[in-house]
Amino acid sequence: RAKADGRGTFRFFKPEMDERMQARRGLEIDLRKALALKEFELVYQPQTRIEGDTVVGFEALLRWRHPDRGLVSPADFIPLAEEIGLITPIGEWVLRTACREAALWPDSITIAVNLSAVQFRGSRLLDTVTSALAGSGLAAARLELEITEGALLEDTDAVLAVLNGLRELGVRVSMDDFGTGYSSLSYLQKFPFDKIKIDQSFVRSMASDRDSAAIIRAVTSLGSSFGMTTIAEGVETPEQLARIRAEGCTEAQGYLISRPLTPEAARAFIAARVA
Ligand code: C2E
Ligand code: MG
Ligand code: MG
Ligand code: MG
């Protein structure tokens, strides 16, 4: 009987596993073709200085428009792209496209681009950034690269060398999703980031959780004493904006200000908001 159950369980699970592996395999096959088929797009989400409500920059966010699946979220394909080595060419496309778009904007507006931990392996990143800047004519100081703690965990010395190389090129470096990892604070000491992006989970829980508000206050005060800008992510309500401002945050990003915009809509947003 036990044996029959065991076999039953096995037979029940196996097709499901196959299905999942086939779905992944299907996604992988499609992902390998996506660049050539021009299925990627970038959307741009505004970032404002809270004081004066001034537009200071945009973050480029990657979208995959799949012919049958529709819009695929980066959360669903970036881990796979990292695993199969595709994040490097995709990341290069993102950098080149974002720099070219930002070169059309006023000089006061920056562009932030997300980098994967995988892009920090080897020395190719510095060449990629150099050529994206040269190809677009964008001033290095207008490019901001966002990295998460995950990238720093890898091999600290090699990663620090790349970060310092980026700094020498004149680009800015931001720490993304700050506070979600285990040793965010120690990384601030190892590398002088230009900006700290406080993760949206803190912004969301701030109203109900006093610890979150205290963490935001501590981070903004630490940031200002290190000469770093602090930006809160995922600001959705006027109350959240008022709270982060009261805790000392200088910039904000989130649906309250704007959803991520197509390139055309971002240009219209700039035309309406930037003198
Ligand atoms: P992230 O860099 O932390 O980006 C912020 C995410 O929060 C974006 O999700 C954005 O659309 C979303 N968001 C912005 N404002 C709000 C808000 O008010 N409320 C809520 N609930 N969400 C908000 P998205 O575009 O789905 O991107 C998810 C993540 O995928 C990004 O997190 C980033 O880690 C990664 N990613 C996106 N584009 C790229 C890329 O070009 N390269 C790499 N390596 N990663 C990317
Ligand atoms: Mg980001
Ligand atoms: Mg983030
Ligand atoms: Mg994130």
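## Close-up views of a predicted model

**View 1. K38 sits in the loop between α1 and β1 (40-49).** The model shown here and in the other views is predicted. K38 has a positive phi of about 55°, although K38 is not a glycine. As for its surroundings, K38 is exposed, with a relative accessible area of 73%. That is over the 50% needed to call a residue exposed, so the label fits K38 at 73%.

**View 2. D53 is another non-glycine residue with a positive phi, at about 55°.** This one belongs to the loop between β1 and β2 (54-66). Is D53 buried or partly exposed? With a relative accessible area of 44%, D53 is partly exposed. If you're checking backbone angles, D53 goes on the list together with K38: phi is about 55° for D53 and about 55° for K38.

**View 3. Four residues hold the magnesium ion (ligand 2): E59 (OE), N114 (OD1), E146 (OE) and D176 (OD).** These protein donors lie 2.0 to 2.2 Å from the ion. Along the chain, their spacing reads E-x54-N-x31-E-x29-D. N114 lies in strand β4 (residues 110-114) and D176 in strand β6, so this pair ties together parts of the chain that are 62 residues apart in sequence. How accessible are the two? N114 is partly exposed, at a relative accessible area of 30%, while D176 is buried, at 7%. The cut-off for buried is under 20%, so D176 at 7% makes it and N114 at 30% doesn't.

**View 4. The magnesium ion (ligand 3) is coordinated by D176 (OD), D177 (OD) and E233, with E233 (OE) listed twice.** The coordination distances run from 2.0 to 2.3 Å. In sequence, the donor residues are spaced D-D-x55-E. D176 lies in strand β6 (residues 172-178), and E233 lies in the loop between β8 (229-232) and α10 (238-246), so here the pair ties together parts that are 57 residues apart in sequence. Both D176 and E233 are buried.

**View 5. Which residue links the two metal sites?** D176 does: this residue bridges the magnesium ion (ligand 2) and the magnesium ion (ligand 3). The two ions lie 4.1 Å apart. If you're setting up a metal model, note that D176 (OD) turns up among the donors of ligand 2 and also among those of ligand 3.

**View 6. Helix α1 (residues 2-34) carries D30, and E28 is in helix α1 too.** Let's take D30 to begin with. At 17% relative accessibility, D30 counts as buried. Leaving aside residues up to four places away in sequence, D30 touches W64, H66 and R69. Now for E28, which counts as buried at 10% relative accessibility. What does E28 touch, not counting residues up to four places away in sequence? The contacts of E28 are L80 and I84.

**View 7. S201 is found in helix α8 (residues 200-205).** S201 has 33% relative accessibility and counts as partly exposed. Where does G179 come in? S201 and G179 are 22 residues apart in sequence, and their C-alpha atoms are 9.1 Å apart in space.

**View 8. Zooming back out, the protein chain has 11 helices and nine strands.** Taken along the principal axes, its C-alpha atoms fill a box of roughly 70 × 45 × 40 Å. The radius of gyration is 21 Å, which agrees with the value near 19 Å for a compact globule of 275 residues. Of those 275 residues, 46% count as buried. Among contacts between residues at least 6 apart in sequence, 67% join residues at least 24 apart. The accessible surface of the chain comes to about 14,200 Å², and carbon and sulfur atoms account for 53% of that. Finally, how far apart are the mean positions of the 33 positive and 38 negative charges? The answer is 5 Å.

Note on methods. Residues numbered from 1 in each chain as written. Chains lettered and ligands numbered in written order. Predicted model: local features only at pLDDT ≥ 70, side-chain atom pairs only at ≥ 80, totals over all residues. Heavy atoms only, no water. Donors = N, O, S within 2.8 Å, 3.2 Å for Na, K, Ca; no water. Helix = DSSP H or I, 4+ residues; strand = E, 2+ residues; numbered from the N terminus. Buried < 20%, exposed > 50% of the residue type's maximum accessible area, 1.4 Å probe, protein only. Contact = heavy atoms within 4.5 Å. Rg over C-alpha atoms; globule rule 2.2 N^0.38 Å. Areas by Shrake-Rupley, 256 points an atom, 1.4 Å probe, with all protein chains shown as cover. Lys, Arg positive; Asp, Glu negative; His and termini not counted. Charge placed at Lys NZ, Arg CZ, Asp CG, Glu CD.
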